[in-house]
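Here is a friendly walk through one protein chain, moving from a single serine outward to the rings and sulfur bridges around it. Keep the viewer open as you read.

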Amino acid sequence: MIRWEVCVPGSVHHSFLVVGTLAVWGQSVQADQAPTCDPETMNCSPLVVCIEATGEIMRGASFGTDSGPFLVLSVNGTICEGTWRRSPIGLGLAEFTCSDGRSGKSAFTWFEPESGTAVGSGQFSDGTEGRFWSGNNLERYFREVSPEDRQRMACSPDEMLTS
């Protein structure tokens, strides 16, 4: 397992360290539990990932406003973590590594800037492709997405939002 800590006392500080459990903001997390964030008290957003070919779902959180760390946990126990950054025009890039040996990159665009909701896609080092959504209004986003877009999703929004 991995221990992951993020502290924001005035400025963002983060450290990553391999140990027996995963801790996000002092909360101990096992591989079957996604890290949670409380936007009221933390600078974070929920994050969900859908692996297109298999329908595998990953849930977690991203931290920061223009850049920062993120972490997701797969329902099968894989942990992926990395960093993301946003350009002044709203496009962004994320790089990540996973506990199963994969790594990858993803690109994203911003929707609903006031809520921080972003949509993107990326590719793992083994060629697997995924789509992701991050923001504090994901339920509303998925509720309002067009039927055509919803039909193209390999994962059910209801399943992605269930913790």
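## A serine and its surroundings

Let's begin with S106, which is found in strand β10, the stretch covering residues 103-110. Keep in mind that the model is a predicted one. Is S106 buried or exposed? Its relative accessibility is 8%, below the 20% cut-off, so S106 counts as buried. Which residues does S106 touch, once its neighbours within four places in sequence are left aside? They are G92, L93, A94, F96, S121, G122 and F132.

Three of those names are worth following: S121, F96 and F132. S121 has its place in strand β11. With a relative accessibility of 43%, S121 counts as partly exposed, whereas S106 is buried. Apart from neighbours within four places in sequence, S121 is in contact with S106, A107, G130, R131 and F132. F132 therefore appears in the contact list of S121 and in that of S106, and F132 itself counts as buried at 11% relative accessibility. S121 can also be placed relative to I51: the two are 70 residues apart in sequence, while their C-alpha atoms are 9.8 Å apart in space.

## The aromatic rings

The count of aromatic pairs comes to five. In one of them, the ring centres of F96 and F124 are 5.1 Å apart and the planes meet at 75 degrees, so this pair is edge-to-face. F96 sits in strand β9 (residues 92-98) and F124 in strand β11 (residues 118-124), so the pair ties together parts of the chain that are 28 residues apart in sequence. Both F96 and F124 are buried.

Another edge-to-face pair is formed by F108 and F132, at 6.0 Å centre to centre and with 70 degrees between the planes. This pair links distant parts of the chain, with F108 in strand β10 and F132 in strand β12 (residues 129-134), 24 residues apart. F108 is buried, with a relative accessible area of 5%. What else joins these two rings? W84, F108 and F132 form one aromatic cluster.

F124 has a charged partner too. R102 lies over the face of the F124 ring, at 4.1 Å from the ring centre.

## The sulfur bridges

How many disulfides are there? The count comes to two, and the table sets them side by side.

| Disulfide | S to S distance | Torsion about the S-S bond |
|---|---|---|
| C50 and C155 | 2.0 Å | about 85 degrees |
| C80 and C98 | 2.0 Å | about 105 degrees |

The torsion for C50 and C155 is about 85 degrees, so that disulfide is right-handed. C50 lies in strand β5 (residues 44-51), and C155 is in the loop between α2 (147-152) and α3 (157-161), so the bridge ties together parts that are 105 residues apart in sequence. Both of these cysteines, C50 and C155, are buried.

For C80 and C98 the torsion is about 105 degrees, so this disulfide is right-handed as well. Here the link runs between C80 in strand β8 (residues 79-86) and C98 in strand β9, 18 residues apart. C80 is buried, and so is C98. Strand β9 thus holds C98 and also F96, one ring of the first pair described above.

How do the two bridges relate along the chain? Counting the bonded cysteines in order, the pattern is 1-4, 2-3. Another cysteine, C44, counts as buried, with a relative accessibility of 3%.

## The chain as a whole

Stepping back, the protein chain has three helices and 12 strands. Of its 163 residues, 44% count as buried. The exposed area is about 8,500 Å², and carbon and sulfur atoms supply 51% of it. Among contacts between residues at least 6 apart in sequence, 32% join residues at least 24 apart.

To retrace the route in the viewer, start at S106 in strand β10 and step across to S121 in strand β11. From there, go on to F132, a contact of S121, and then to the cluster of W84, F108 and F132. Finish at the bridge from C50 to C155 and the one between C80 and C98.

Technical notes
Residues numbered from 1 in each chain as written. Predicted model: local features only at pLDDT ≥ 70, side-chain atom pairs only at ≥ 80, totals over all residues. Heavy atoms only, no water. Helix = DSSP H or I, 4+ residues; strand = E, 2+ residues; numbered from the N terminus. Buried < 20%, exposed > 50% of the residue type's maximum accessible area, 1.4 Å probe, protein only. Contact = heavy atoms within 4.5 Å. Areas by Shrake-Rupley, 256 points an atom, 1.4 Å probe, with all protein chains shown as cover. Phe/Tyr/Trp six-rings, centres within 6.5 Å; stacked < 30°, edge-to-face > 60°. Lys NZ or Arg CZ within 6 Å of the ring centre and 35° of its normal. Disulfide = S-S within 2.5 Å.
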